[in-house]
Structures are given as C-alpha cells and as structure tokens.
Amino acid sequence: MVSAVQKTKWLGKSWQFLECVGSTQDVAKEWALSGAPHGAIVVADMQTHGRGRVGRSWFSPPGKNLYFTAALQLPHSHPPLGTLSLLVGVAVAEALRKFDAKVFVKWANDVVSESGRKLAGILIEGFESVPQKVWALVGVGINVNLAENEFPDDLKPTATSLRIICGRELDRFEVLAEVLCSLEFWWEKWAGNEIASLLQAYERLDWLRGKRVRTILPNGAMIEGIAQGITADGELRLILPDGTEQRLVTGDVSVREAVS
Ligand code: BTN
C-alpha cells in the first residue's frame, strides 16, 4: 500500500488501508467529519456493504479487487458538478490503459471493455462538514484480478475484470498508484476550471458515441437515440429518431446488443 501513494503530490498522502469495512464511503465520511485532510483516501481489502449508484450494491470480495474512497474538498468555484464523474471516469480509464487494457468510459460513471462489459464503477457522494466546506466522496471500485467464474451469476453476463481483459494478474497496488496519479492530475485541472482538455480526453474514450442507446426518463418514458457525445456540463446528447436532440442530466443508458 505504501508504494501506491508515493507517486502523487497530495492525493492519498493521508491514507487508511482496512481489511474489512461496510463501505469505504462511510469510513471516509466519518474521517472527513473528524478532520481528514483534502485528498485523504480509504482503501479496503473487502466491503460487506459496498454500494453502487441508485441503491445498487457493489460486489466486494477480499483479495482480488480495489475499493477506495477519496475525500476531496470542492473548491469555491468549480466547473459544473455534472463533469465531476466524467473526470473520475477519464482518470480511471487512462490509468487502466497504462496496463494495456483497452477500456472506455461509459456515460456517466462506468469504465467498460471494448464489448461494453463493466470493470469499474464510480460513486460520488457530497456533503457539507461545516458551512462552506463541501466534500465530494469519490468512491471507485475496480475489478482487478477476478476470474470469470468468480463473479456472481447475475454479474457474469455484463461484468469483466482487468485480469480477463489483459490475460494476466496485476498487482492491485500498482493499479491503485496509477489511478491516484491520474485522478490527481485531472482533479487539478478540474479544480482550476480547465475542463477543455478533460472534455477532449472524454471524447477519445467515449464508448457510447455513435451507438444506439435506450434510457428511461424521470417521467417514466422510454426513449431511444444515437449518442452524440456530451455537453460542457457533462450531459449526454442523444439524437432521437425525429432528429431532435435530448440531453440527459443523469441516469443509466443501455446498449444491450453491444455486450457479448
Ligand atoms: C456503480 O457503478 O454503481 C458505482 C460503484 C462504486 C463502488 C465503489 S467501491 C469503493 C466505494 N465504496 C462503496 O461502497 N462504493 C464505492
């Protein structure tokens, strides 16, 4: 673990590595409330209640994967919050590409293989510790060394791991070191309101672009359209069959036929 935080300037310089937690998100929140510095990270070998977006759980067995939360203080002025998850997706995907894994970002919060199987998920939770001190708890789960037969049945059709993609096992802490460096780099750009390069990086890694996708709108309506990249606010642009554009602020989109 020590080697994982040696390449960064500030991210992860305060860290905790725990054998077993409910969720690293909760430990990081407690720590932030009791004085953790900006950039503190909580890493766990396993989670008993790893959580994903929209009330889902995150499969978190021991000894195989990476589960961490970075406690980051938002600067007073920052780009639209919708771009924060893009930042983390780009940071994780670029870091994993250092291991020759051909991975992509899938709006808004996933990192996927070429065939669209998910290997990393991102959960961002915000809270205010004292007035004016707003935190983002950036939680990242990466399937590193899971073999195909180690996924639960419900995840088998849609999930993958770095090991499956790269054809070899990887050192989890080497992966963490790259992810932290990349996250630090992109956070500095984002916090400095320089998001043009982030949007360009996202475009290079955008798995959805040009694909026919489907989503359920907050009003319950199902729509289908062609993904056309994102806006500067991090919204997904869909071109509908009648040629009009629909922008999605949040939600899940599926490209079911692309998963093989
Ligand atoms: C998702 O894709 O739905 C997001 C998954 C996020 C999982 C990570 S693992 C580390 C951190 N702790 C959690 O409980 N969740 C996030």
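This is a short chat about how to read a sheet, its helices, a ligand site and one loop residue in a predicted model.

Trainee: Let's start with the sheet. How many strands form it, and in what order?

Mentor: The general idea comes first: strands of a sheet pair through backbone hydrogen bonds, either parallel or antiparallel. Here, seven strands make an open sheet with mixed pairing. Read across, the order is S1-S2-S3-S7-S6-S5-S4.

Trainee: Which strands stand at the edges?

Mentor: Those are S1 (15-21) and S4 (103-106). Each has a single partner strand, so one side of each is left without a neighbour in the sheet. On average, neighbouring strands are turned by 20° against each other, ignoring direction.

Trainee: Can you show me one pair? In what sense do S3 and S7 pair?

Mentor: Antiparallel: S3 (residues 66-73) and S7 (residues 133-142) are joined over eight bridges. To find your place in that pair, look for Gln73, which stands opposite Trp135 in S7.

Trainee: And the helices? Which strands does H1 touch?

Mentor: Helix H1 (residues 24-33) packs on the sheet and touches S1, S2 (40-47), S3, S6 (118-130) and S7. The direction of H1 makes about 150° with that of S2. Helix H2 (residues 84-97) packs on the sheet as well, touching S4, S5 (110-113), S6 and S7. For H2, the angle with the direction of S4 is about 170°.

Trainee: Now the ligand. How many residues surround it, and which are the closest?

Mentor: There are 20 residues around the ligand, and the closest are Ser23, Gln47, Arg51, Arg53 and Lys118. Next, check the polar atoms. A polar side-chain atom of Ser23 is 2.7 Å from a ligand oxygen, and one of Lys118 is 2.6 Å from an oxygen atom of the ligand. In the side chain of Thr24, an N or O atom lies 2.9 Å from a nitrogen atom of the ligand.

Trainee: How much of the ligand's accessible area does the protein cover?

Mentor: The ligand has 410 Å² of accessible area on its own, and the protein covers 99% of that.

Trainee: Last one: is Asn143 buried or exposed?

Mentor: Buried means under 20% relative accessible area. Asn143 has 4%, so it counts as buried. You'll find Asn143 in the loop between S7 and helix H3 (162-166).

Trainee: What lies around Asn143?

Mentor: Leaving aside neighbours within four places in sequence, Asn143 is in contact with several residues, including Trp58, Asn65, Phe151 and Lys118. Thr160 is one of the contacts too, and its backbone oxygen lies 3.0 Å from a polar atom of the Asn143 side chain.

Conventions:
Residues numbered from 1 in each chain as written. Predicted model: local features only at pLDDT ≥ 70, side-chain atom pairs only at ≥ 80, totals over all residues. Heavy atoms only, no water. Pairing = 2+ DSSP bridges. Helix = DSSP H or I, 4+ residues; strand = E, 2+ residues; numbered from the N terminus. Axes fitted to C-alpha atoms, helices over the stretch in contact; angles between N-to-C directions. Contact = heavy atoms within 4.5 Å. Near = heavy atom within 4 Å. Polar contact = N/O pair within 3.5 Å; in protein donor to acceptor, adjacent residues only side chain to side chain. Areas by Shrake-Rupley, 256 points an atom, 1.4 Å probe, with all protein chains shown as cover. Buried < 20%, exposed > 50% of the residue type's maximum accessible area, 1.4 Å probe, protein only.
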